[in-house]
Amino acid sequence: MGDILFRSTVHAERLRFTQEPQTVVRFPGTGKRESKSHSDRTHLPDPVIPGQEYQDVTVAYHLATRLTREPEAGRSGDDDTDG
């Protein structure tokens with residue numbers, strides 16, 4: 001699935017968080033869409049524990065999205081919602 005596919009892999013020898021990260025994925029614009037995203041994590045729990053050091057961490061992130069119909073006429077394009 002997807003008109004847009006995004007994949008990224010990040011590796012760290014050592015990683016420590018001072019606080020639990022807050023993440024969000026947004027698809028601004030108009031038109032209905034179908035979207036999926038997920039990450040594969042190695043040596044990194046979900047959620048992470050602030051102050052804990054993690055070693056040999058890998059995160060592979062995958063995102064796919066596609067429009068399911070044309071944008072509605074008269075929409076400004078400032079809609080910041082998914083779907």
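Where does Asp56 lie? I found Asp56 in strand 3, a strand being a DSSP run of E with at least two residues, numbered from the N terminus.

**Ground rules.** I'm looking at a predicted model, where local features need pLDDT of at least 70, side-chain atom pairs count only at pLDDT 80 or more, and totals for chains, interfaces and linings use all residues. Residues are numbered from 1 along each chain as its sequence is written, and side-chain values use heavy atoms, leaving out hydrogens and water.

**Backbone oddities.** I kept in mind that most residues other than glycine have a negative phi, and most peptide bonds are trans. Asp56 isn't a glycine, but its phi is positive, about 55 degrees. Asp56 counts as partly exposed (between 20% and 50% relative accessible area, 1.4 Å probe, protein chains only) because its relative accessibility is 40%. His43, not a glycine either, has a positive phi of about 65 degrees. I placed His43 in the loop between strand 2 and strand 3. Pro47 lies in the loop between strand 2 and strand 3 too, and the peptide bond from Asp46 to Pro47 is cis, with omega near 10 degrees.

**The largest pocket.** Next I looked up the largest pocket (an open set of 1 Å grid points where a 1.4 Å probe fits, with protein on both sides within 12 Å along at least five of seven lines; lining residues have an atom within 4 Å of a point). I noted 16 lining residues, with Pro21, Thr23, Ser39, Arg41 and Asp46 nearest the centre. Strand 2 (33–42) and strand 3 (53–67) are the elements giving two or more residues to this lining. Strand 2 gives the most, three residues.

Terms used:
Helix = DSSP H or I, 4+ residues; strand = E, 2+ residues; numbered from the N terminus.
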